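This report describes one protein structure for a reader who has not met it before. Please view the sequence and the structure first.

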Amino acid sequence: LAAQAFNFSNYNGGPPEDPVIYKALDKAYSLLDKSKHSVFPGSANEIRTLTENQDGILGADIEGNLVLWDSEGNPTTVQNSGQDFYINLVWLSPDGKKMLTGFENNLLIIKDLRNNDQGAAELHGHKGIITAASWSDDGNFAASAGADSLILIWNSKMLSSEPVRILKGGSAIKAITFCGNDTIISANTDGSVYLWNLENSSLEQLIAPSDVQVLCLAYDRMRKSLIAGASNGYLFFLDLTQRQYVLKYAAHIAGIDNLIFNNDFSLV
């Protein structure tokens, strides 16, 4: 019945994210598919980033609070934010040991979560709202990007307040992802996607500007390919070795806001 209601609403021009229908679909899915998924409650706010460590699943919410879920789904609050400024962005490193937080005053803070209140550094350099972040696979470098069209590369081991490299794009940056430790890919608000070489700051256009905006990126280092989620609900698969489209797939009926791979890159 929930699925029929969704199809009826969608066919007659109803909003694709109707809260009543979404709640009905979610309840039906939870009841019918218990053996195939788990629900981990306990976060007081919207979760913006997740990662897995040896203790369980670590999540950071839009207020900058950290919650750890064990294998049974039991939550433990690891850290309360206590920040005075509104958070625009929060991003955990792949190993869950560091966190990057961007605030409404364009301040960026990088924090080593193993050292409580120690090991945090304020990072300065953005002149506009910070909209995207990414970590290198080894967690030694972080990248931030924003409405000022800048991509700033930070050394997370040195915790310096100055970026080690500054890249200037042609328009505001919507999403970024590391692909290796010396290259990074950016998606701009004009629909273009670029590959940056961090050693010489050169760039190469992968996707030309268009009315369809790329909203998120994920890099498959096993196959050396890129997946991009677009505002029209499409997924774009690009082979970076050949610089060509592998597949364009109509996946959603609304824009795709986030993409993440599992550990062996068999699922996204």
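## Disulfides and cysteines

The structure, a predicted model, contains zero disulfides. Cysteine 179 takes part in no disulfide, and the nearest cysteine sulfur, which belongs to cysteine 216, is 16 Å away. Seen from the other side, the closest cysteine sulfur to that of cysteine 216 is in cysteine 179, and the 16 Å between them is too far for a bond. A disulfide would require the two sulfur atoms to be within 2.5 Å.

Both residues can also be described by their exposure to the surroundings. Cysteine 179 has a relative accessible area of 8% and is therefore buried. Cysteine 216 likewise counts as buried, because its relative accessibility is 5%. The cut-off behind both statements is under 20% relative accessible area.

## Fold and dimensions

Two helices and 20 strands make up the secondary structure elements of the protein. Along the principal axes, its C-alpha atoms fill a box of roughly 55 × 45 × 35 Å.

The radius of gyration is 19 Å, which agrees with the value near 18 Å expected for a compact globule of 268 residues. Of contacts between residues at least 6 apart in sequence, 34% join residues at least 24 apart.

## Burial, surface and charge

Of the 268 residues, 43% count as buried. The accessible surface of the protein amounts to about 15,100 Å², and carbon and sulfur atoms account for 50% of that area.

The protein carries 19 positive and 30 negative charges, and the mean positions of these two sets lie 3 Å apart.

Key. Residues numbered from 1 in each chain as written. Predicted model: local features only at pLDDT ≥ 70, side-chain atom pairs only at ≥ 80, totals over all residues. Heavy atoms only, no water. Helix = DSSP H or I, 4+ residues; strand = E, 2+ residues; numbered from the N terminus. Rg over C-alpha atoms; globule rule 2.2 N^0.38 Å. Buried < 20%, exposed > 50% of the residue type's maximum accessible area, 1.4 Å probe, protein only. Contact = heavy atoms within 4.5 Å. Areas by Shrake-Rupley, 256 points an atom, 1.4 Å probe, with all protein chains shown as cover. Lys, Arg positive; Asp, Glu negative; His and termini not counted. Charge placed at Lys NZ, Arg CZ, Asp CG, Glu CD.
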